[in-house]
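Reader: Hi! I'm in my first year and still learning to read structures. Could you take me closely through the place where the ligand sits, and what surrounds that place?

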Amino acid sequence: MKKTIKEVLPVLCIVTFAVTAATSLPLFILYLRNETMKSMILQDLHVWFGFAFIIFVLLRIALNRKFVGGTFKQLIRKRR
Ligand code: HEM
């Protein structure tokens with residue numbers, strides 16, 4: 001079960017990041033033009049996929065905490 005979750009999480013991270021990044025482009029253009037959107041769908045997609053992305057990233061870090069912690073320790077040791 002844990003192995004399946006570990007395999008699916010990277011795909012979920014890619015998909016949710018792609019939707020968040022793609023929907024940020026029209027939002028950014030509107031922001032530069034100082035305009036607001038008539039339809040809320042892009043904004044809603046951006047916000048909900050953005051939240052989902054953060055949750056999947058945190059879950060991935062938690063499930064790979066040994067690797068993350070080990071790499072972090074190695075980085076600190078190399079700097080000394
Ligand atoms: C790929 C990274 C991201 C980019 C380039 C990006 C870009 C943007 C842009 C350009 C806006 C419009 C700003 C404005 O109109 O004032 C926006 C709004 C917003 N973004 Fe992101 N964003 C990103 C990731 C996220 C993530 C991870 C979240 C997590 C929740 C998020 C949540 C929001 C929210 C809540 C708004 C305000 C929507 C509103 O107008 O009510 N964004 N973002």
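Author: Happy to help; what follows starts at the ligand and then works outwards through the chain. Please keep in mind that this is a predicted model.

Let's begin with the shell around the ligand. It is made of 13 residues, and the closest are S24, L27, F28, Y31 and G50. Two elements each give two or more residues to this shell: α1, which covers 2-33, and α2, which covers 41-63. The largest share belongs to α2, with seven residues. What kinds of residue make up the shell: nonpolar, polar or charged? Eight are nonpolar and five are polar, while no charged residue takes part.

Since α1 and α2 are the elements that give two or more residues to the shell, it helps to ask how these helices lie against each other. Two packed helices are described by the angle between their axes and by the distance between the axes. Here the axes of α1 and α2 come within 8 Å and cross at roughly 150°. An angle over 145 degrees counts as roughly antiparallel, so α1 is roughly antiparallel to α2. The crossing of the two is left-handed. The residues in the contact of α1 with α2 divide into 17 nonpolar, seven polar and two charged.

You can pick out one pair of residues to see how the chain returns on itself here. I55 is part of helix α2. The residues I55 and C13 are 42 residues apart along the chain, yet their C-alpha atoms are separated by 9.1 Å. Is I55 exposed or partly exposed? It has 13 C-beta neighbours inside 10 Å, so I55 counts as partly exposed.

Now follow the chain out of α1. In the loop between α1 and α2 you will find N34. Most residues other than glycine have a negative phi. N34 is not a glycine, but it has a positive phi of about 60°. N34 is also exposed, because it has 6 other C-beta atoms within 10 Å, and a residue with 12 or fewer counts as exposed.

Next comes the far end of α2. N64 sits in the loop between α2 and α3, where α3 covers 65-79. With 14 other C-beta atoms within 10 Å, N64 is partly exposed. N64 and L30 are 34 residues apart along the chain, and 38 Å separates their C-alpha atoms. Further on, G70 lies in helix α3. G70 has 11 C-beta neighbours inside 10 Å and therefore counts as exposed. From C-alpha to C-alpha, G70 and E7 are 21 Å apart in space, with their positions 63 residues apart in sequence.

Finally, step back to the whole protein chain. Its secondary structure comes to three helices and zero strands, and along the sequence the pattern reads α-α-α. Along the principal axes, the C-alpha atoms fill a box of roughly 50 × 40 × 15 Å. The radius of gyration of the protein chain is 18 Å, whereas a compact globule of 80 residues would have one near 12 Å. As for burial, 5% of the 80 residues count as buried.

To put the picture together: the ligand has a shell of 13 residues, with α2 giving the largest share, and α1 and α2 cross at roughly 150°.

Terms used. Residues numbered from 1 in each chain as written. Predicted model: local features only at pLDDT ≥ 70, side-chain atom pairs only at ≥ 80, totals over all residues. Near = placed C-beta within 6 Å. Helix = DSSP H or I, 4+ residues; strand = E, 2+ residues; numbered from the N terminus. Nonpolar A, V, L, I, M, F, W, Y, C, P; charged D, E, K, R; others polar. Axes fitted to C-alpha atoms, helices over the stretch in contact; angles between N-to-C directions. Parallel < 35°, antiparallel > 145°, perpendicular 65-115°, else oblique. Left-handed = near helix turned anticlockwise from the far one by under 90°. Buried ≥ 20, exposed ≤ 12 C-beta atoms within 10 Å, placed from the backbone. Rg over C-alpha atoms; globule rule 2.2 N^0.38 Å.
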